[in-house]
Amino acid sequence: MNDSEFEDKLRGLRPASPSLSLRGRIASALPERKAQGSSWAAWLGERILWTGGGAVAAWLLVMQFLPAPAKPGSQTASPVASASRVSEETTAWADGGVQLIGGKTPARLLHRQVIERRQSADGSFMVQVPREDVIIVPVSLH
């Protein structure tokens, strides 16, 4: 018998219908499978419920420590916001030399001392703020 004759015989075959005993065993097993599926769904639903509850609790905890947003009409005045003029005066420079940053990268550290003056818009007061800037200049060592 060659392959084409064998294939033709296979095409002509039809599956037999299940016996009554097989149908009975399938019917008796179906409720058990349905019960197993519902317990799995209950397990998953319980996990989703606990996860959602934890997420809500975490959100409430984070919101407790965040500052409340400012109301549109109540803004606090700060010298920076009301300053009309800002000037800087450099008072000193210092060379910190070449140092290793993070134990790896060589860089020259320059220190600049500044007095920043802020005058209010109406000229009623002036604020002087001392400041030190550290300027990091990468260098190459050969």
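Mentor: Two strands pair if DSSP finds at least two bridges between them. With that rule in mind, we may turn to this model, which is predicted.

Trainee: Which strands form a hairpin here, and how many residues lie between them?

Mentor: The hairpin is formed by β2 and β3, with five residues between them. In its turn, G123 has a positive phi of about 80 degrees.

Trainee: How many bridges join β2 to β3, and do the strands run parallel or antiparallel?

Mentor: There are 13 bridges between β2 and strand β3 (residues 126–138), and the two strands run antiparallel. For one of the pairings, look at R108, whose bridge partner in β3 is V137.

Trainee: What pattern does the chain follow along the sequence?

Mentor: The order is α-α-α-β-β-β. The chain thus described holds three helices and three strands.

Trainee: How should I read burial, and what share of the chain is buried?

Mentor: A residue is called buried when its relative accessible area is under 20%, exposed when over 50%, and partly exposed in between. Buried residues account for 8% of the 142 residues in this chain. The chain exposes about 12,100 Å², of which carbon and sulfur atoms supply 62%.

Trainee: Is R112 buried or exposed?

Mentor: R112 has a relative accessible area of 18%, so R112 counts as buried. This arginine belongs to strand β2 (residues 105–120).

Trainee: Which residues is R112 in contact with, apart from its neighbours within four places in sequence?

Mentor: R112 is in contact with E88, T90, A92, W93, R131, E132 and D133. Take A92 as an example of how sequence and space may be compared: A92 and R112 are 20 residues apart in sequence, while their C-alpha atoms are 5.9 Å apart.

Trainee: Which side chains make polar contacts with the side chain of R112, and at what distances?

Mentor: One is the side chain of E88, at 3.1 Å. Another is the side chain of T90, where the polar contact is 3.3 Å. R112 and E88 also belong to a network of salt bridges, in which they are linked with E116, R118, R131 and D133.

Trainee: How is a salt bridge recognised, and how many are there in this model?

Mentor: A side-chain nitrogen of Lys or Arg must lie within 4 Å of a carboxyl oxygen of Asp or Glu. By this rule there are eleven salt bridges. Within the network just named, the side chains of D133 and R131 meet at 3.0 Å, N to O. R131 is partly exposed, because its relative accessibility is 27%.

Trainee: Where do E89 and R117 lie, and how many residues apart are they?

Mentor: The side chains of E89 and R117 form a salt bridge of 2.8 Å, N to O. The pair links distant parts of the chain, with E89 in strand β1 (residues 83–101) and R117 in strand β2, 28 residues apart. Both residues count as partly exposed: E89 has a relative accessible area of 36%, and R117 has a relative accessibility of 21%.

Trainee: Why are R11 and D8 separated by about one helical turn?

Mentor: They are three residues apart in helix α1 (residues 3–12), and therefore about one helical turn separates them. Their side chains meet in a salt bridge of 3.1 Å, N to O. R11 is exposed, because its relative accessible area is 54%.

Trainee: Which residues form the nonpolar patch on the surface?

Mentor: V56, W59, L60, V62, M63 and L66 form the patch, and together they have about 600 Å² of accessible area. Patch members must have over 30% relative accessible area. L60, in helix α2 (residues 20–65), has 49%, so L60 is partly exposed.

Trainee: What share of contacts joins residues at least 24 apart?

Mentor: Among contacts between residues at least 6 apart in sequence, the share is 46%.

Note on methods. Residues are numbered from 1 along each chain as its sequence is written. This is a predicted model: local features need pLDDT of at least 70, side-chain atom pairs count only at pLDDT 80 or more; totals for chains, interfaces and linings use all residues. Side-chain values use heavy atoms; hydrogens and water are left out. Helices (H or I, at least four residues) and strands (E, at least two) are DSSP runs, numbered from the N terminus. Buried means under 20% relative accessible area, exposed over 50%, partly exposed in between (1.4 Å probe, protein chains only). Contact means heavy atoms within 4.5 Å. A polar contact is a pair of N or O atoms within 3.5 Å; within protein, one must be able to donate a hydrogen and the other to accept it, and residues adjacent in sequence count only if both atoms are side-chain atoms. Patches are made of residues with over 30% relative accessible area and no salt bridge: like charges are joined within 9 Å, nonpolar side chains (Val, Leu, Ile, Met, Phe, Trp, Tyr) within 5 Å. Accessible areas come from the Shrake-Rupley method with a 1.4 Å probe; for residues, only the protein chains shown count as cover.
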